[in-house]
Amino acid sequence: MRILDEERRKTPCKRFFGGYCKFETYCKYCHYSEKELQELERLVLAKKKANSKKRKKSTKWPWKTHTQTGLPISLQPIQLARLERTNFELSWG
Ligand SMILES: [Zn+2]
């Protein structure tokens with residue numbers, strides 16, 4: 001988890017651990033103790049594990065599609081024309 005990594009890289013906030021820091025979550029220093037960070041990491045890992053158990057939602061179309069583009073056959077001419085135009089504009093614009 002990116003936020004956790006960032007927190008770990010921060011210097012512990014002297015104000016916060018000295019009693020009070022008015023910046024709270026916006027503080028550029030870390031407001032988590034090593035123990036709290038470990039606990040957070042554990043929670044994040046547990047969450048990750050739980051998420052990985054779930055199957056990814058299928059993004060496939062329910063109807064017959066072109067094998068290469070994965071688009072419904074009826075939509076293809078429009079989509080491809082749009083893509084070609086976009087590419088053209090990008091490369092020359
Ligand atoms: Zn602080």
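**Chatting through a four-helix model**

Visitor: Before anything else, how much of the protein counts as buried?
Guide: Of its 93 residues, 13% count as buried. Keep in mind that this is a predicted model.

Visitor: Okay. And how much surface does the protein expose?
Guide: About 9,000 Å², with carbon and sulfur atoms supplying 57% of that.

Visitor: What's the secondary structure like, helices or strands?
Guide: There are 4 helices and 0 strands. Reading along the sequence, you get α-α-α-α.

Visitor: What share of the contacts links residues 24 or more positions apart?
Guide: Counting contacts with a separation of 6 or more, 23% are between residues 24 or more positions apart.

Visitor: Let's talk packing. At what angle do α1 and α3 pack?
Guide: Helix α1, residues 2–9, packs against helix α3, residues 34–53, at about 165°, and their axes are 11 Å apart. An angle over 145 degrees counts as roughly antiparallel, so that is the label for α1 relative to α3.

Visitor: Which residues make that contact?
Guide: From α1 you have L4, E7 and R8. On the α3 side the residues are E34, L37, Q38, L40, E41 and V44.

Visitor: How many of those are nonpolar, polar or charged?
Guide: The contact of α1 with α3 has 4 nonpolar residues, 1 polar and 4 charged.

Visitor: And the crossing, left-handed or right-handed?
Guide: The crossing of α1 and α3 is left-handed.

Visitor: I'd like to zoom in on L37. Buried or exposed?
Guide: L37, which sits in helix α3, has a relative accessible area of 4%. The cut-off for buried is under 20%, so L37 counts as buried.

Visitor: What is L37 in contact with, leaving aside its neighbours within four places in sequence?
Guide: L37 is in contact with L4, E7, R8, C30 and Y32. L4, E7 and R8 also turn up on the α1 side of the helix contact.

Visitor: How far apart are L37 and R8?
Guide: In sequence, 29 residues; in space, 7.3 Å from C-alpha to C-alpha.

Visitor: New topic: the backbone. Which residue other than glycine has a positive phi?
Guide: E24 is one, with phi near 45°.

Visitor: Why point that out?
Guide: Because most residues other than glycine have a negative phi.

Visitor: Where is E24, then?
Guide: E24 lies in the loop between α2, which covers 14–17, and α3.

Conventions. Residues are numbered from 1 along each chain as its sequence is written. This is a predicted model: local features need pLDDT of at least 70, side-chain atom pairs count only at pLDDT 80 or more; totals for chains, interfaces and linings use all residues. Side-chain values use heavy atoms; hydrogens and water are left out. Helices (H or I, at least four residues) and strands (E, at least two) are DSSP runs, numbered from the N terminus. Buried means under 20% relative accessible area, exposed over 50%, partly exposed in between (1.4 Å probe, protein chains only). Contact means heavy atoms within 4.5 Å. Accessible areas come from the Shrake-Rupley method with a 1.4 Å probe; for residues, only the protein chains shown count as cover. Axes are lines fitted to C-alpha atoms, for helices over the stretch in contact, and angles run from 0 to 180 degrees between N-to-C directions. Angles under 35 degrees count as roughly parallel, over 145 as roughly antiparallel, 65 to 115 as roughly perpendicular and the rest as oblique. A crossing is left-handed if the near helix is turned anticlockwise from the far one by less than a right angle, and right-handed if clockwise. Ala, Val, Leu, Ile, Met, Phe, Trp, Tyr, Cys and Pro count as nonpolar, Asp, Glu, Lys and Arg as charged, and the others, Gly among them, as polar.
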